[in-house]
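Colleague: Could you take me through one part of this structure slowly, please? I would like a close look at the pocket, and a word on how far to trust the model.

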Amino acid sequence: MAWKDVVSYVRGIAEKKGVLDDDKRMDDGVPLDARIGSVVQMQASPIIRAQANGSLVKMPEAADTRILAVSQLRLHPDTELYRLYLDKGDDDADEKFLQVFCGDDGKVADILYCTQLARVIPETADDQDAYTGQAGHGLGDPSYTLWREQLADMLDEATLATAFGDAERLDYDRDAGGSADFVKPFAGREIRIDDAQGVHGLRQEMYFMPYVRELAGGGREYLLITTEIIESVDGDASKRGIHVDFVIGIPVEQERIVIQ
C-alpha cells in the first residue's frame with residue numbers, strides 16, 4: 001500500500017476545506033487487490049479444523065463478507081502489516097480482520113484470520129507500562145498464559161471444554177526474539193481508513209507482540225496482544241483513549257481466500 005505515510009488520513013481535513021476529489025480512491029495498492037467494499041469469500045475449513053483442535057478463533061458471521069476498512073501498520077523494527085477489516089469492532093462488537101504480511105519482494109507471505117477475544121483498559125500507570133513494555137516486563141515476556149477462569153464469562157462452556165480440556169491454562173510462547181528473557185514490543189502506528197476517499201478513519205500508536213501455541217490436533221494458533229493509544233478519529237485529536245486488544249489468529253492459505 002504505497003500510501004506515502006497514508007496521506008489518505010488527511011482527507012477529512014481536505015473535505016472540510018472543500019478540496020476533496022471524489023473520484024480519487026485512497027485504498028489503491030492494498031495486498032490481495034482488496035478495496036473497501038470488496039466481497040470476501042473465505043473457505044471455512046481452516047477455521048472449522050482449528051476450532052476442532054481447540055482454537056479460540058471465532059467463525060465469521062453471515063454479514064462478515066465485505067471489507068469495511070483497511071489499515072497499514074508500520075512497526076519498528078522493520079515490520080509492515082496490513083489489516084482488512086470485516087468488522088471494525090464498533091458499537092461493542094468484536095473486531096474481525098485478515099492480517100497480511102508481505103515479504104521484501106512485495107508478495108504476500110502470510111495471512112492470519114483474526115478475531116478479537118477480549119479488550120481491557122489499563123487503568124494504572126503500572127498497567128500501562130507493562131502493556132507497552134516500558135517496565136521491562138509484561139508485553140514482551142517469553143510467554144503469556146490465558147486462564148480458564150478469565151474467559152469463563154466470555155466463552156460458552158462447549159468452547160472452553162474444547163480449548164482447555166481438563167486444564168486450567170493455555171500457554172503461548174513469544175513468536176519473536178528467540179530465547180531472550182524480555183523483548184521490547186514492536187512499536188509504531190496504525191492508520192485505518194473507513195471509506196474509499198479516506199474521509200473517515202483513525203490513527204493510533206501501537207505496541208504489539210505475537211505469541212503462539214501448537215494446537216492439540218495440529219496447526220498453530222496465534223495470540224496477538226496489541227496496546228492501542230488512539231491519537232485521532234476522523235482527524236479529531238480530542239477523541240483519545242487507550243486499550244489492549246487480545247486477538248486470536250490462525251494461518252489461512254492465500255488460495256483459500258477470494259476477494260472481488
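Modeller: Let's start with trust: pLDDT, the predictor's confidence in each residue from 0 to 100, stays under 50 over residues 1-8. For that stretch the model has 24 contacts (heavy atoms within 4.5 Å) beyond four places in sequence. Where pLDDT is low, the predicted coordinates should not be read in detail. The chain as a whole has a mean pLDDT of 90, with 91% of its residues at 70 or more.

This is a predicted model, so local features need pLDDT of at least 70 and side-chain atom pairs 80 or more, while totals for chains, interfaces and linings use all residues. Residues are numbered from 1 along each chain as its sequence is written, and side-chain values use heavy atoms, leaving out hydrogens and water.

Now the pocket. The largest one has a volume of about 400 Å³, the space filled by probe spheres set on grid points joined across faces, edges and corners. A pocket here is an open set of points on a 1 Å grid over the protein atoms alone, where a 1.4 Å probe fits, with protein on both sides within 12 Å along at least five of seven lines; lining residues have an atom within 4 Å of a point. Of its 17 lining residues, Leu81, Gln99, Phe101, Leu112 and Asp175 are the closest to the centre.

Strands (DSSP runs of E, at least two residues, numbered from the N terminus) help to build this lining: β3, β4, β5, β9 and β10 each supply at least two residues. The largest share, three residues, comes from β5.

Key:
Helices (H or I, at least four residues) and strands (E, at least two) are DSSP runs, numbered from the N terminus.
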